[in-house]
Amino acid sequence: MNPHDKISAEEIQASLDALSLPSPTQLTVNITRKLYKQGTYRVVDGKTIRKLTAELRAKNQAAKRRRSS
């Protein structure tokens, strides 16, 4: 961009808008809406957390066994 070019008020406002971040709540809402539209949103319940934690522990134990042997 040439430093002598005139910048319009709309361009300045667009630049300022691009710098502003939404609140954490609005960001969460935006992400959730996007996931719903993609069909990838899923609710994580306690059962799922326990299952995934158990899988992770098993993988970690297997990795430790491989390192120590």
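Me: Which residue follows helix H2, and what is its phi?
Reply: Gly-39 comes right after H2, and its phi is positive, near 80°. Before we go on: this is a predicted model, in which local features need pLDDT of at least 70, side-chain atom pairs count only at pLDDT 80 or more, and totals for chains, interfaces and linings use all residues. Residues are numbered from 1 along each chain as its sequence is written, and side-chain values use heavy atoms, with hydrogens and water left out.

Me: What makes H2 a helix here, and how does its span fit the expected one?
Reply: Helices are DSSP runs of H or I with at least four residues (strands are runs of E with at least two), numbered from the N terminus. H2 covers residues 24-38, which gives 15 residues. The expected span is 1.5 Å times one less than the number of residues. H2 reaches 21 Å from its first C-alpha to its last, close to the expected 21 Å.

Me: How many helices and strands does the chain have, and in what order?
Reply: You will find three helices and zero strands, running α-α-α from the N terminus on.

Me: Why is the chain called more spread out than a compact globule?
Reply: The radius of gyration is taken over C-alpha atoms, and the globule rule is 2.2 Å times the number of residues to the power 0.38. For 69 residues the rule gives 11 Å, while the chain has 24 Å, well over that, so it is more spread out than a compact globule. The C-alpha trace spans about 70 × 30 × 20 Å along its principal axes.

Me: Why is Ile-31 called partly exposed?
Reply: Buried means under 20% relative accessible area, exposed means over 50%, and partly exposed is in between (1.4 Å probe, protein chains only). Ile-31 has 45%, so it counts as partly exposed. Ile-31 sits in helix H2, and its C-alpha lies 9.6 Å from that of Tyr-41, ten residues apart in sequence.

Me: What makes Ile-12 and Ala-58 partly exposed?
Reply: Ile-12, in helix H1, has a relative accessible area of 44%, so it is partly exposed. Ala-58, in helix H3, has 42%, so it is partly exposed too. The C-alpha atoms of Ile-12 and Lys-64 are separated by 56 Å, and those of Ala-58 and Pro-3 are 60 Å apart.

Me: What share of the chain is buried?
Reply: Buried residues make up 0% of the 69 residues.

Me: How do you know how confident the predictor is?
Reply: pLDDT is the predictor's confidence in each residue, from 0 to 100. The chain's mean is 86, and 99% of its residues reach 70 or more. Among the elements, H1 (residues 9-19) has the lowest mean, 86, and H3 (residues 46-68) the highest, 90.
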